[in-house]
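Open the model in your viewer and keep the selection tool at hand. The tour goes from the whole chain to single residues.

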Amino acid sequence: MNTMRLWRIAILAVALAFGAAAYAAPAPIWVPAWIAPPAPDRLEGTPEAPLQFNDETDRQDMRLGTSASALRFRISNELGAQPLKIGAASARLVDAPASALPVRFDGRSEVVIPPGGVLISDPVAIAAPAFSEIALCIWFPEPMR
């Protein structure tokens, strides 16, 4: 081969390498790893002193059915009669030494879900092996009636 032909092949190879890098990676595929059906308020307590969250954090532990490199959380107020305010949320692997990571919704940590509404969180970078347990903590800053 002559030198000019080798240069053309080298330039083409470099162009192909940079061109391939310019293409976006395929969109991630999100699959359910743990689900629970929405449930109506159990109306516990008495009418004078109903049981409710008020400036409290609720923790939900979930055992994943598959491995994951990132998680998204679906928070539902589908059966709620009042808006549901979330002051903050975090997630972590149960029994892992790492700190909890913030869970955000469109970049926000504080959100209000209207009655009948659903929010899906931004991805949270948690590497979780199959059958690991995830703790999701949600702070409810206002009374839930």
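**Whole chain.** Start with a cartoon of everything. The protein chain has one helix and eight strands. Along the sequence, the pattern reads α-β-β-β-β-β-β-β-β. Keep in mind that this is a predicted model. Now colour by accessibility. Of the 145 residues in the protein chain, 20% are buried. Switch to a surface. About 10,400 Å² is exposed, and 60% of that comes from carbon and sulfur atoms. Then turn to contacts. Take those between residues at least 6 apart in sequence: 80% of them join residues at least 24 apart.

**The sheet.** Select β1, β8, β4 and β5. These four strands form an open sheet, in the order β1-β8-β4-β5, with antiparallel pairing. Why do β1 and β5 each have one side without a neighbour in the sheet? β1 (56-63) and β5 (101-102) stand at the edges and each has a single partner strand, so one side of each stays free of a sheet neighbour. Strands of a sheet pair through backbone hydrogen bonds.

Zoom in on β1 and β8. Strand β8 covers residues 133-140, runs antiparallel to β1 and is joined to it by eight bridges. For one of these pairings, pick E56: its bridge partner in β8 is F140.

**A88.** Next, select A88, in strand β4 (residues 88-93). Is A88 buried, partly exposed or exposed? Its relative accessibility is 30%, so A88 counts as partly exposed. Show the surroundings of A88. Beyond its neighbours within four places in sequence, A88 contacts S109, C137, I138 and W139. Now draw a distance from A88 to P141. The two are 53 residues apart in sequence, yet their C-alpha atoms lie 8.6 Å apart.

**L136.** Move to L136, in strand β8. L136 has a relative accessible area of 7%, so it is buried. Draw a C-alpha distance to A91: it reads 4.5 Å, across 45 residues of chain. Leaving out neighbours within four places in sequence, the contacts of L136 are D58, R59, Q60, M62, F73, I75, S90, A91 and V103.

**The core.** Show side chains for F73, I75, V103, I134 and L136. Within the largest nonpolar core, which has 21 residues, these five touch the most other members. Which strand gives the most to this core? β8 does, with four residues. At least two residues each come from β3 (84-86), β4, β6 (111-113) and β8.

Stay with V103 for a moment. Apart from neighbours within four places in sequence, V103 is in contact with F73, A89, S90, A91, S109, S121, V124 and L136.

**S121.** Follow the contact from V103 to S121. S121 sits in the loop between β7 (118-120) and β8. Is S121 buried or exposed? The relative accessible area of S121 is 1%, under the 20% limit, so S121 is buried. Show its polar contact next. A polar atom of the S121 side chain lies 2.8 Å from the backbone nitrogen of F73. Finish by selecting the residues around S121. With neighbours within four places in sequence left aside, S121 contacts L71, R72, F73, V103, R104 and F105.

Methods
Residues numbered from 1 in each chain as written. Predicted model: local features only at pLDDT ≥ 70, side-chain atom pairs only at ≥ 80, totals over all residues. Heavy atoms only, no water. Pairing = 2+ DSSP bridges. Buried < 20%, exposed > 50% of the residue type's maximum accessible area, 1.4 Å probe, protein only. Contact = heavy atoms within 4.5 Å. Polar contact = N/O pair within 3.5 Å; in protein donor to acceptor, adjacent residues only side chain to side chain. Core = buried A, V, L, I, M, F, W, Y, C linked by side-chain atoms within 4.5 Å. Areas by Shrake-Rupley, 256 points an atom, 1.4 Å probe, with all protein chains shown as cover.
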